[in-house]
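User: I'd like to learn how to read a structure like this one. Could you walk me through a few features?

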Amino acid sequence: MLDQDQTTQAPLAVVNPGFESTNPLEGWETPGVVQTEGYESEKRLTHPGGKGPMESVQRFSDIENGWYTLKVWVRASGRQREAYIALKDCGEGAQASVPLVREKWLQVVVSAHVTNHQCTVSLYSDAEEGE
């Protein structure tokens, strides 16, 4: 979910946040794949390892300037080189590392100040093959 930290604004609607649409990747630009066993849904996005760094993004434009917060439930194998969520291309982007705790669902939160009426949600990981 992507929330703006002002009470007068409604949260931005992330398209297909649980990857449950008929087209499970609808709204996302991603090399990832959808698998079963999501956190609050039957589906989850997975970045298969071994193909180099992978990034899944969803772009927002013509949005109000201000503070936005992204909250994501993540699960890692614990063997990634790097994994993070980010709000970028916002004017003042920010990222939060995903704790590489093996096979536990954790909520990761990041906030960014939008100053140019646009922002991109980024889900990034880099893992060896088989991860």
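User: Let's start with a small detail. Which residue stands opposite M54 in β10?

Analyst: That's S125. A word of caution before we go on: this is a predicted model. As for the general idea, strands of a sheet pair through backbone hydrogen bonds, either parallel or antiparallel. Here, β4 and β10 (residues 118–127) pair in the antiparallel sense, over 8 bridges.

User: What is the order of the strands in the open sheet?

Analyst: The order is β4-β10-β6-β8, so to speak reading across the 4 strands, and the pairing is antiparallel. At the edges sit β4 and β8 (94–97), each of which pairs on one side only. From one strand to the next, the twist averages 15°.

User: Since it's a prediction, where is confidence lowest and where is it highest?

Analyst: Confidence is lowest in strand β1 (residues 2–4), with a mean of 61. It is highest in β4 (residues 54–61), at 96, and β4 is the edge strand we just met. For the chain, the mean pLDDT is 87, and 91% of the residues reach 70 or more.

User: Now the aromatic rings. How do I read a pair of them?

Analyst: A pair of aromatic rings is described by the distance of the centres and the angle of the planes. This structure holds 4 aromatic pairs. One of them is Y39 with W73: the centres are 4.0 Å apart, with 10° between the planes, and the pair is stacked.

User: Where in the chain do Y39 and W73 come from?

Analyst: From distant parts of it. Y39 is in the loop between β2 (33–36) and β3 (43–46), while W73 belongs to strand β5 (residues 66–74), and the two are 34 residues apart.

User: And why is the pair of Y39 and W105 called tilted?

Analyst: Look at the angle: the planes of Y39 and W105 are at 55°, with the centres 5.7 Å apart, so the pair counts as tilted. To count as stacked, the planes would have to be under 30 degrees apart, and edge-to-face takes over 60. This pair links distant parts of the chain too, as W105 is in the loop between β8 and β9 (106–114), 66 residues from Y39.

User: Which residues do the ring pairs link into a cluster?

Analyst: Y39, W73 and W105.

User: Are these rings buried or exposed?

Analyst: Partly exposed, in each case. Y39 has a relative accessibility of 36%, W73 has 34%, and W105 has 25%. Buried would mean under 20%, and exposed over 50%.

Notes:
Residues numbered from 1 in each chain as written. Predicted model: local features only at pLDDT ≥ 70, side-chain atom pairs only at ≥ 80, totals over all residues. Heavy atoms only, no water. pLDDT = per-residue confidence, 0-100. Pairing = 2+ DSSP bridges. Axes fitted to C-alpha atoms, helices over the stretch in contact; angles between N-to-C directions. Phe/Tyr/Trp six-rings, centres within 6.5 Å; stacked < 30°, edge-to-face > 60°. Buried < 20%, exposed > 50% of the residue type's maximum accessible area, 1.4 Å probe, protein only.
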